[in-house]
Amino acid sequence: MYWESIMQLPLGPQTPAFVQLTRWIFSPMSFMDECVRRFGDMYTVNLGKNNPNLVFVSNPQALQQMLTQDTRADFHAPGDRNGLLKTLLGDNSVICLSGSQHQRQRQLMMPPFHSDRMRTYSQVINQVTTETLARVQIGQTFDVRKTTQAITLRVIMQAVFGLNRGERAERLAHLLSQLLDRSGSPLSVSMLYFPILQQEWGGISPWAIQMRVQRAVDALIYAEIAERRTHPDSSRTDILSLLMAAQDEAGESMTDVELRDELMTLLVAGHETTATALAWALYWLHKLPAVRDKLVAELDGLGAEPDVNAIIKAPYLEAVCNETLRIYPVGMLTLPRVSLKSVTLAGREIPPETTILGSIYSTHQRADLYPQPQEFRPERFLERKFSTFEFLPFGSGARRCIGSAFAMMELKLALAKILSRWELELVDKRDIHPKRRGLVTAPERPIQLLVKSQRSASDLHPAQAIDRGAFA
Ligand code: HEM
């Protein structure tokens with residue numbers, strides 16, 4: 001019976017699981033490119049005992065069928081398949097919950113990300129971007145991803161806790177960066193795939209160090225929760241306050257552990273992803289001066305102090321952000337979906353209980369949708385409209401990213417601020433490709449930008465330039 005099911009699966013590489021897993025960990029994108037070339041837009045990979053038959057899909061019709069049916073009869077989106085994230089995010093993270101519990105938790109977490117409430121974060125995004133860039137003197141270079149990460153971390157901390165300064169915020173920012181830097185290495189990814197490597201060995205192993213940092217982060221989050229419980233303030237609008245006030249149908253509020261897991265989820269999911277996208281956008285804009293000039297002209301046309309709405313609606317800026325998320329999507333795959341019964345997907349029979357992952361990366365590389373897919377060309381988003389299953393940097397369906405509008409707003413406002421304030425230049429003009437960083441992707445080597453001059457300084461209060469902030 002087992003073999004019968006396996007036989008039905010789409011073809012895929014036949015190399016030993018260990019070889020496939022090694023390629024998946026160390027060079028996921030070239031692994032997927034090769035699989036698509038050999039087996040087409042639906043194939044099966046074997047990543048070992050815990051993940052023996054994973055079907056990767058980059059066929060838009062199949063993606064549509066799977067992602068519109070993922071809470072219905074054919075598929076589901078079980079949280080227990082996201083076990084790799086459990087260690088960091090916890091059992092109660094929305095990403096690790098399933099079924100009605102998952103839907104309830106999503107509903108609880110969505111309101112802070114609705115567009116009207118999000119506008120309140122626009123000021124923070126502008127201020128933090130200005131302050132962070134103002135630390136770099138004219139003539140100096142800076143590491144783009146580190147800088148964009150400093151920006152997005154402070155922004156998400158403001159959204160989640162309503163604070164991005166002060167001793168606890170500083171310490172949390174420092175520890176979170178350390179935690180994500182550590183979990184980004186191939187060794188850390190290997191530790192997730194091979195539980196045998198998850199040993200503390202007297203506190204000196206890489207795992208032990210990672211766990212120590214994680215416990216320190218947890219202690220700070222719990223301290224913040226405890227303080228809020230002792231001194232409730234109904235006027236606060238940050239996400240922690242909203243989650244603390246929320247109750248389920250039985251009138252139960254979230255426990256401290258549940259709160260911790262959701263806060264950690266938002267802090268982790270909500271800043272590194274956007275930081276990487278922002279870094280790529282800056283890379284492409286300075287790699288391709290014609291694209292940059294066109295965008296600067298559009299932004300200049302909005303006036304000296306453009307309204308947030310005008311920036312968000314600027315068509316070329318939107319196209320640049322979309323093309324950035326298309327060419328090297330930060331999330332290579334959707335979260336897993338599982339077939340509940342035997343289903344026909346793009347003409348192929350998929351047995352019940354098959355784990356299927358939407359390959360966002362391979363879908364965005366389809367030459368039939370995106371001619372010369374390796375070329376960065378924002379105009380393609382002005383020339384035609386892509387469906388949700390042809391362009392899906394934030395996934396779709398039951399687990400569609402809850403921070404997508406937040407991330408797009410942050411990308412647009414930060415880019416508009418940087419381009420209108422500074423004249424920057426790429427130090428090293430050679431191509432930079434993506435590589436794995438933890439469970440997402442990032443540039444293979446640091447992108448360095450030189451600050452050539454300032455275009456305007458109208459919105460930078462002199463005190464802000466001197467106050468180098470808490471996150472130097
Ligand atoms: C450029 C930035 C981002 C990208 C590319 C991105 C991408 C993704 C993707 C691909 C998924 C899986 C979707 C699926 O399986 O269908 C996802 C899920 C998720 N994202 Fe994002 N994301 C970004 C920013 C954010 C931000 C800013 C937040 C929150 C503040 C966030 C929170 C989440 C959460 C909580 C989930 C899980 C949803 C669930 O399990 O129901 N993400 N994201």
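This text walks through the fold, the surface and the core of one protein chain. The model is predicted.

Start with the overall build. The protein chain holds 21 helices and 12 strands. Its radius of gyration is 22 Å, and the globule rule gives 23 Å for 472 residues. The two values are close, so the chain is as compact as a globular protein of that length. Along the principal axes, the C-alpha atoms fill a box of roughly 70 × 55 × 45 Å.

Next, consider how the chain packs against itself. Take the contacts between residues at least 6 apart in sequence: 72% of them join residues at least 24 apart. Buried residues account for 54% of the 472.

Now the surface. About 20400 Å² of the protein chain is exposed. Carbon and sulfur atoms supply 55% of that area. As for charge, there are 52 positive and 50 negative side chains. The centres of these two sets lie 3 Å apart.

Then turn inward. In soluble globular proteins, nonpolar side chains tend to be buried together. Here the largest nonpolar core has 101 residues. Within this core, Phe161, Ile221 and Met264 touch the most other members. Helix 14, residues 256-287, gives the core its largest share, with 15 residues.

Ile221 is a useful place to look in detail. Leave aside residues up to four places away in sequence. Ile221 then touches Phe161, Leu172, Arg260, Leu263, Met264 and Leu267. Two of these partners, Phe161 and Met264, were named above with Ile221 for touching the most other core members.

Notes. Residues numbered from 1 in each chain as written. Predicted model: local features only at pLDDT ≥ 70, side-chain atom pairs only at ≥ 80, totals over all residues. Heavy atoms only, no water. Helix = DSSP H or I, 4+ residues; strand = E, 2+ residues; numbered from the N terminus. Rg over C-alpha atoms; globule rule 2.2 N^0.38 Å. Buried < 20%, exposed > 50% of the residue type's maximum accessible area, 1.4 Å probe, protein only. Contact = heavy atoms within 4.5 Å. Areas by Shrake-Rupley, 256 points an atom, 1.4 Å probe, with all protein chains shown as cover. Lys, Arg positive; Asp, Glu negative; His and termini not counted. Charge placed at Lys NZ, Arg CZ, Asp CG, Glu CD. Core = buried A, V, L, I, M, F, W, Y, C linked by side-chain atoms within 4.5 Å.
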